[in-house]
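Subject: Structure for you to look at

Hello,

Here is the structure I said I would pass on. My notes on what was found in it follow below.

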Amino acid sequence: MSSPVLVLRHPRLSAVLPYLALIGGMVSLSAGTSFAKTLYPMVGPAGTAGLRVGLSAIVLLAVFRPWRSAFTTSDLRALAIYGVVMGLMNLSFYMALNTIPLGVALAIEFMGPLSVALFNSRRLIHFVWVGLAVLGLVLLPLDGNVSGLDPVGCAYAAAAAVFWAGYIVFGKRVSHLPSGSTVAIGMTFAAMTVVPFGVAGAGMSLLDPRILALGLVVALVSSALPYTLDMVALRHIPKRTFGVAVSGDPAIGALAGLFVLGEHLTSQQWLAIAAIIAASVGAVLTSPSDEQPLQDPAAPA
């Protein structure tokens, strides 16, 4: 009988495990975000965001213990900007989920990293991907309902897209620092930004033991587990392949919203999500092979 170690070292299994980790991280992120939305009736979107970011910061600080790393004043300043942008990205996204479906919110937010990827584009094919993404955004509100998608929710999702783009830009500036400590300190600054909004929105109910327990589940499923699985995937999957794979996040989010929250999308909205995913995949495939991935998939939620 083969030992577990030998089985794990099997070449075929070793080749497929990073992709299973990537898929698992994406599913975990979407499921965690969907589950987080069930906290809205108890603490609202700001309270939920505060719980998620605050508890994630505590978990990351306990795991990575960044105080053991030496950071300069300049490093801490850059980490503060990175963390604040990360916090505002999370807060805006959770506010968007209050009134629009998860898949739609992800599709709109995805325009942030896509815009960064295409910002310096000079090839004609890149403008095709821009047009396809714009088509997707135009199709999203066409749900057959007079009121369409909630404009406030869409505005929050658009703000999340802007902050996600900023997250990539400012994250690049601290990418030379130790990764674990960088995420832990960044999330701490994010918590300092978001938790006051959560307290203002939910008050002392955030300290309810049952709500804290649910918030910890959200923090683990939407932060700790996806970050861990993504690190496994990033070590073994080519950057271009990784970028293509995570472009499926809006579709996975839409499915998670359907099965967990009962959020049904119309055929036009599914088509819109497909157009945005196609634009993201195309942008990755037609970019130079030495470019960085479009985004950190664990960031937004």
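Start with helix H5, whose buried residues are Leu102, Gly103, Val104, Ala105, Leu106, Ala107, Ile108 and Glu109. That covers the helix from end to end: H5 runs over residues 102–109, and 8 of its 8 residues are buried. Please keep in mind throughout that this is a predicted model.

Glu109 also appears in a pair with Met89. The two are 20 residues apart along the chain, and their C-alpha atoms are separated by 9.3 Å. Met89 belongs to helix H4. Its relative accessible area is 0%, so Met89 is buried.

Overall make-up

The protein has 13 helices and 0 strands. Read along the sequence, the pattern is therefore α-α-α-α-α-α-α-α-α-α-α-α-α. Of its 301 residues, 48% count as buried.

Nonpolar cores

The largest nonpolar core holds 30 residues, and the members that touch the most others are Leu79, Tyr82, Met86, Trp164, Tyr167 and Met187. At least two residues of this core come from each of H3 (40–64), H4 (73–96), H6 (111–118), H7, H8 (151–173), H9 (179–202) and H13 (267–285). H9 gives the most, with 6 residues. There is also a second, separate core of 29 residues, which includes Ala96, Ile108, Cys154 and Ala157. Ile108 is one of the buried residues of H5 listed at the start.

Helix H3 and the loop after it

How far does H3 span between its end C-alpha atoms? The answer is only 30 Å, whereas a straight helix of 25 residues would span 36 Å at 1.5 Å a residue. H3 bends by about 75° at Ala46.

Just after H3 comes Arg65, with a positive phi of about 45°. Arg65 is not a glycine. It lies in the loop between H3 and H4. With a relative accessible area of 37%, Arg65 is partly exposed, since that value falls between the cut-offs of 20% for buried and 50% for exposed.

Helix H9

H9 can be put through the length check used for H3. Its 24 residues should span 34 Å at 1.5 Å a residue, and the end C-alpha atoms are 32 Å apart, which agrees. H9 does have a bend, of about 30° at Val194, and a proline, Pro196, follows within four residues. After the helix comes Gly203, whose phi is positive, near 65°.

Ser179 is found in H9. At 48% relative accessibility, Ser179 counts as partly exposed. Which residue is paired with Ser179 at 9.9 Å, C-alpha to C-alpha? It is Pro66, and the two are 113 residues apart in sequence.

Another pair distant in sequence

Val27 and Pro226 are 199 residues apart in sequence, yet 8.5 Å apart in space, C-alpha to C-alpha. Val27 sits in helix H2, which covers residues 11–37. Its relative accessible area is 42%, so Val27 is partly exposed.

A nonpolar patch on the surface

Four residues, Leu124, Phe127, Val130 and Val134, form a nonpolar patch on the surface, and together they have about 390 Å² of accessible area. Phe127 is part of helix H7, which covers residues 124–139. At 48% relative accessibility, Phe127 counts as partly exposed. As background to the numbering of these residues, an α-helix has 3.6 residues a turn, so residues three or four places apart point the same way. H7 also supplies at least two residues of the largest core.

If you want a short route through the model, these are the places to open:

- H5, with 8 of its 8 residues buried.
- Ala46, where H3 bends by about 75°.
- Val194, where H9 bends by about 30°.
- Arg65, with its positive phi of about 45°.
- The surface patch of Leu124, Phe127, Val130 and Val134.

Regards

Definitions and conventions:
Residues are numbered from 1 along each chain as its sequence is written. This is a predicted model: local features need pLDDT of at least 70, side-chain atom pairs count only at pLDDT 80 or more; totals for chains, interfaces and linings use all residues. Side-chain values use heavy atoms; hydrogens and water are left out. Patches are made of residues with over 30% relative accessible area and no salt bridge: like charges are joined within 9 Å, nonpolar side chains (Val, Leu, Ile, Met, Phe, Trp, Tyr) within 5 Å. Accessible areas come from the Shrake-Rupley method with a 1.4 Å probe; for residues, only the protein chains shown count as cover. A salt bridge is a side-chain nitrogen of Lys or Arg within 4 Å of a carboxyl oxygen of Asp or Glu. Buried means under 20% relative accessible area, exposed over 50%, partly exposed in between (1.4 Å probe, protein chains only). A nonpolar core is a set of buried Ala, Val, Leu, Ile, Met, Phe, Trp, Tyr and Cys residues joined through side-chain atoms within 4.5 Å. The expected span of a helix is 1.5 Å times one less than its number of residues. The bend at a residue is the angle between axes fitted to the seven residues ending there and the seven starting there.
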